[in-house]
Amino acid sequence: MIDIREPKSGAKRRFRMIIPAYPAFNIYSKIAKHTTALGPIFVATVVSKIPGWEVEIIDENNYWPIGPVDKDGLPDHETLQRLHPADMVGLYGGLSSTAPRIFKLARWYNDAGAVVVAGGQHFADEANIREAIDNGVHYVVIGEGEETIAELIQAIEHRGDLKSVKGISFLSEGLPMAGFERTALWFTFSRFLCLNGLSHLVKMNSLFLTTSFKFVSIFKQTCL
Ligand code: B12
């Protein structure tokens, strides 16, 4: 069990969801400057509804110049962590080509004392899950993440039995513990309700199943 930092009195814990940078310019780079991936928004939305938690989402492909950047022009996580320390970091692994960036971030945030969780289509087989664990990811969420993240946070906060959380893999006594599969969620419009509440920040683009950010790429989830 990885201990999560105690929040300062009255403060909320912070969950930072990161959509990692593509490794190279590609035909989607332009549109990615105005969109983001849907899955991590769903997961972050769930966390924003957990009492005592607040959420930030950073899409590294859609990062406005107002945010601090490092020498490579990517978000400067050291500065971000100093200004707004995240207690838990979520890493979106929808594209395998971003795995090296995911692992770099995972190692960095792990060293910085944050709990690191990753999910997405890349983590579909044992080898990829093991690689994530070897690179600083504490918990790999397999399959759909909405219910799993809520149960995982509950278990971490209350020191519950992690083995009862379905759909995660983590290191237990030196060996990766394979989580049980979770039944797929029904795709209902209720999953969009929160996004509607964020309409001043986010506009749905149903064609690409992505969200198009109109004003910011770092923002605090205000949909409660
Ligand atoms: C819509 C889509 C696109 C759109 C938008 C992409 C985007 N950035 O959102 C467009 C058309 C742009 C696109 C392009 C490409 N795509 Co595409 N795309 C999809 C598709 C059909 C749906 C994605 C989606 O929105 N799913 C719905 C959301 C709700 O699910 P999700 O993302 O999986 O997230 C859930 C879980 O994975 C998990 N989760 C995800 N992240 C996290 C993080 C944490 C911390 C946690 C706890 C949980 C968690 O919880 C989420 C909610 O349940 C998927 C196939 C699929 N069935 O998923 C392929 C898919 C993601 N695409 C794929 C590929 C290969 C591409 C392209 C490279 C194709 C190409 N050759 O050009 C490009 C790359 C574009 C780019 N650079 O981003 C592959 C990726 C495979 C891989 N392992 O890399 C997929 C899986 C299709 C496939 N089976 O091959 N794509």
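1. In this predicted model, the largest nonpolar core holds 46 residues, and the members that touch the most other members are L91, A106, V116, A118 and V140. Helix α4, which spans residues 99-111, supplies the largest share of this core, namely six residues. As a general background to such a grouping, nonpolar side chains in soluble globular proteins tend to be buried together.

2. V140, one of the core members just named, is a useful place to look at the contacts in detail. Once residues up to four places away in sequence are set aside, V140 touches A118, F123, I129, A132, I133, I168 and S169.

3. A second residue to examine is V89, which is found in strand β4. Is V89 buried or exposed? V89 counts as buried because 27 C-beta neighbours lie inside 10 Å, and the cut-off for being buried is 20 or more. If residues up to four places away in sequence are again not counted, V89 touches R16, I18, Y109, A114 and V116. The C-alpha atoms of V89 and A106 are separated by 8.3 Å, although these two residues are 17 residues apart along the chain.

4. Turning to the ligand, the model places 29 residues around it, and those that come nearest are G39, G90, G119, E144 and G145. Which elements give two or more residues to this shell? They are α2 (38-48), β4 (88-92), β5 (115-119) and α6 (146-157), and α2 gives the most, with five residues. When the residues of the shell are divided by character, 16 are nonpolar, 11 are polar and two are charged.

5. Strand β3, residues 53-59, deserves a separate point. Five of its seven residues are buried, and therefore this strand is largely enclosed by the rest of the structure. Strand β1, residues 13-19, runs parallel to β3 and is joined to it by seven bridges. Within this pairing, R13 stands opposite W53 in β3. For a reader who is tracing the strands by eye, it helps to recall that in a regular strand the side chains alternate between the two faces of the sheet.

6. The last point concerns D76, which lies in the loop between β3 and α3 (77-83). With 16 other C-beta atoms within 10 Å, D76 is partly exposed, whereas V89 counts as buried. Leaving aside neighbours within four places in sequence, D76 is in contact with P68, V69 and D70.

Technical notes. Residues are numbered from 1 along each chain as its sequence is written. This is a predicted model: local features need pLDDT of at least 70, side-chain atom pairs count only at pLDDT 80 or more; totals for chains, interfaces and linings use all residues. A nonpolar core is a set of buried Ala, Val, Leu, Ile, Met, Phe, Trp, Tyr and Cys residues joined through C-beta atoms within 7 Å. A residue is buried if 20 or more other C-beta atoms lie within 10 Å of its own, exposed if 12 or fewer, and partly exposed in between; C-beta atoms are placed from the backbone. Helices (H or I, at least four residues) and strands (E, at least two) are DSSP runs, numbered from the N terminus. Two residues are in contact if their C-beta atoms, placed from the backbone, lie within 7 Å. A residue is near a molecule or strand if its C-beta atom, placed from the backbone, lies within 6 Å of it. Ala, Val, Leu, Ile, Met, Phe, Trp, Tyr, Cys and Pro count as nonpolar, Asp, Glu, Lys and Arg as charged, and the others, Gly among them, as polar. Two strands pair if DSSP finds at least two bridges between them.
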